[in-house]
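I opened a new notebook page for this chain. My plan was to look up the sheet, then one strand residue, then the cores.

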Amino acid sequence: MEKELQMLLVPGSSNLRISGSSAYKFRVAEIMKAMSELVTILRFADETGNSKVRDNKGVVFFCNTKDLKNRTEYISFFNEYYL
C-alpha cells in the first residue's frame, strides 16, 4: 500500500494580509494556528487550485491548494507573526 501524503491545512492563509499592532498580529496568528489541521491529500491539483483532501474524521472536501503547507512552510508562515 502506498503511503498517503499529509499536509497542514491553514484556511485563508493564501490571501491573508495582517496589518496592525504586533499584539493584533499575534492574536490573528494564534486563531489561524488553532484552525489549522492535518489533512490527507487525495488529489493535489496545482493547476486548478482546488485539492481534494480528507481530515482525521474522514470528511472529504476541497480546499485551496495554496492553503496547504508542509511542516517547514507551516513553521515559517507563523514565525513571521511571532517576531
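These are my entries, in the order I made them.

**Entry 1: the sheet.** I noted before anything else that the model is predicted. I looked up the strand order and found E4-E3-E2-E1-E5, an open sheet of five strands with antiparallel pairing. I then asked which strands sit at the edges. They are E4 (60–64) and E5 (68–69), and each pairs on one side only.

**Entry 2: E2 and E3.** I counted the bridges here. Three of them pair E2 with E3, in the antiparallel sense. Arg43 stands opposite Lys52 in E3. The two strands form a hairpin, with six residues between them. I checked the turn for a positive phi and found Gly49 at about 90°.

**Entry 3: E3 and E4.** I moved on to the next pair. E3 (residues 50–54) and E4 run antiparallel and are joined by five bridges. I read off two facing pairs. Ser51 has Cys63 of E4 as its bridge partner, and Arg54 stands opposite Val60 in E4. This hairpin has five residues between the strands, and Gly58 takes a positive phi near 95°.

**Entry 4: the faces of E3.** I asked which side chains of E3 are buried. Ser51 and Val53 are; they point to one face. Asn50, Lys52 and Arg54 point to the other face and are not buried. I added a reminder: side chains alternate between the two faces of the sheet in a regular strand.

**Entry 5: Thr40.** I picked one residue of E2 (residues 37–43), Thr40. Is Thr40 buried or exposed? Its relative accessible area is 6%, so Thr40 counts as buried, the cut-off being under 20%. I listed its contacts, leaving aside neighbours within four places in sequence. Thr40 is in contact with Glu4, Leu5 and Gln6, and also with Lys52, Val53 and Arg54.

**Entry 6: the cores.** I looked up the largest nonpolar core and got 11 residues. They are Leu8, Val10, Leu16, Ile18, Val28, Ala29, Met32, Tyr74, Phe77, Phe78 and Tyr81. Helix H1 (22–35) and helix H2 (71–82) each supply at least two of these residues. The largest share, four residues, comes from H2. I followed Tyr81 outward, not counting residues up to four places away in sequence. Tyr81 touches Leu16, Ile18, Lys25, Phe26 and Ala29. Apart from this core lies another, of seven residues, among them Met7, Ile41, Val53 and Leu68. I had already marked Val53 as buried in E3, and as a contact of Thr40.

Technical notes: Residues numbered from 1 in each chain as written. Predicted model: local features only at pLDDT ≥ 70, side-chain atom pairs only at ≥ 80, totals over all residues. Heavy atoms only, no water. Core = buried A, V, L, I, M, F, W, Y, C linked by side-chain atoms within 4.5 Å. Buried < 20%, exposed > 50% of the residue type's maximum accessible area, 1.4 Å probe, protein only. Contact = heavy atoms within 4.5 Å. Pairing = 2+ DSSP bridges.
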